Amino acid sequence: MLIERMKEFYKKSKITFIFLTIMIIYFIFITLNGGSTNSETLVRYGAFYPPFILRYSEYYRFITSIFIHIGVMHIFFNGYALYIFGPQIERLMGSKKYLLFFLLTGIGGNLATFFFDFFTLSAGASGSLFGLFGAFLYLIHRHKNMVTPEGRKSILSLLGINLALTIFVPSISVTAHIGGLVIGYLLSYVFIK
């Protein structure tokens with residue numbers, strides 16, 4: 001039954017499925033090789049750390065960090081959010097555009113961190129997930145007919161809750177979230193017709 005559901009999910013949302021698989025496999029690998037909450041391990045396997053990017057030209061961190069998660073709750077919440085929201089935007093944009101959009105919004109969130117929170121060690125798909133929120137905001141603003149009133153209410157409520165958590169929970173990267181949201185909204189002008 002579970003395998004059938006996974007096959008169905010893969011058929012309908014290939015890129016979201018692949019992203020989730022990479023995140024889970026990477027999380028298991030890091031957990032078994034030093035721990036997903038160990039700073040040294042996180043840095044070793046590609047977490048976002050601007051001083052190393054500048055000093056050693058480790059630009060790959062702009063992408064690898066999107067797929068790394070710090071602790072079980074982090075991967076659970078981000079994985080669940082991607083599972084819920086990813087397929088909707090993937091179907092709307094198409095696989096290729098969605099893949100690029102997800103990566104660019106994650107990189108955008110990381111760029112915001114690079115410029116405004118330079119000495120922070122961070123990781124996670126949150127910048128990309130806020131990019132998805134940015135796409136939904138764009139739809140609400142520019143294509144009202146594509147979002148039901150209930151959907152609009154749900155999205156705005158969820159966004160409000162997540163922004164409040166972003167501001168009030170100390171361990172959350174404000175720059176990555178806001179950066180991803182802004183980039184996601186702006187990129188939607190290109191990626192959604």
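Three salt bridges are present in this structure, which is a predicted model. Side chains of opposite charge can pair when their charged atoms come close. The table lists the pairs with their distances.

| Salt bridge | Closest N to O distance |
|---|---|
| Lysine 7 and glutamate 4 | 4.0 Å |
| Lysine 12 and glutamate 8 | 3.8 Å |
| Arginine 61 and glutamate 58 | 2.7 Å |

Two of these pairs can be described through helix 1. Lysine 7 and glutamate 4 are 3 residues apart in helix 1, which spans residues 2-12, so about one helical turn separates them. Lysine 12 and glutamate 8 are 4 residues apart in helix 1, and therefore they too are separated by about one helical turn.

How accessible are the residues of these pairs? Lysine 7 has a relative accessible area of 48% and is partly exposed. Lysine 12 has a relative accessibility of 52%; because the cut-off for exposed is over 50%, lysine 12 counts as exposed. Its partner, glutamate 8, has a value of 36% and counts as partly exposed.

The pair formed by arginine 61 and glutamate 58 has another setting. Arginine 61 is buried, with a relative accessible area of 2%. Glutamate 58 is buried as well, at 16%. The closest N and O atoms of this salt bridge lie 2.7 Å apart.

Serine 57 is found in the loop between helix 4 (50-56) and helix 5 (61-64). What is notable about the backbone of serine 57 is its phi angle, near 55°, a positive value in a residue other than glycine. Serine 57 has a relative accessibility of 44% and counts as partly exposed.

Another loop residue is alanine 123, located between helix 7 (95-116) and helix 8. Is alanine 123 buried or exposed? Its relative accessible area is 17%, so alanine 123 is buried. The chain brings this residue together with parts from elsewhere in the sequence. Alanine 123 and threonine 64 are 59 residues apart along the chain, and their C-alpha atoms are separated by 8.5 Å. With neighbours within four places in sequence left aside, alanine 123 is in contact with Ala47, Ser65, Ile68, Ile70 and His74.

The next topic is a pair of helices. Helix 8 covers residues 126-142 and helix 10 covers residues 174-191; they pack with their axes 6 Å apart, at an angle of about 45°. The two helices are therefore oblique to each other. The crossing of helix 8 past helix 10 is right-handed.

Which residues of helix 8 and helix 10 meet? From helix 8 come Ser126, Gly127, Phe130, Gly131, Phe133, Gly134, Ala135, Leu137, Tyr138, His141 and Arg142. They meet Ala176, His177, Gly180, Leu181, Gly184, Tyr185, Ser188 and Tyr189 in helix 10. By class, this contact of helix 8 with helix 10 has 9 nonpolar, 9 polar and 1 charged residues.

One residue of helix 10 can be followed in detail. Serine 188 lies in helix 10. At 0% relative accessibility, serine 188 counts as buried. When its neighbours within four places in sequence are left aside, serine 188 is in contact with Phe101, Gly134, Ala135 and Tyr138. Gly134, Ala135 and Tyr138 are among the helix 8 residues that meet helix 10.

Technical notes: Residues are numbered from 1 along each chain as its sequence is written. This is a predicted model: local features need pLDDT of at least 70, side-chain atom pairs count only at pLDDT 80 or more; totals for chains, interfaces and linings use all residues. Side-chain values use heavy atoms; hydrogens and water are left out. Axes are lines fitted to C-alpha atoms, for helices over the stretch in contact, and angles run from 0 to 180 degrees between N-to-C directions. Angles under 35 degrees count as roughly parallel, over 145 as roughly antiparallel, 65 to 115 as roughly perpendicular and the rest as oblique. A crossing is left-handed if the near helix is turned anticlockwise from the far one by less than a right angle, and right-handed if clockwise. Contact means heavy atoms within 4.5 Å. Ala, Val, Leu, Ile, Met, Phe, Trp, Tyr, Cys and Pro count as nonpolar, Asp, Glu, Lys and Arg as charged, and the others, Gly among them, as polar. A salt bridge is a side-chain nitrogen of Lys or Arg within 4 Å of a carboxyl oxygen of Asp or Glu. Buried means under 20% relative accessible area, exposed over 50%, partly exposed in between (1.4 Å probe, protein chains only).
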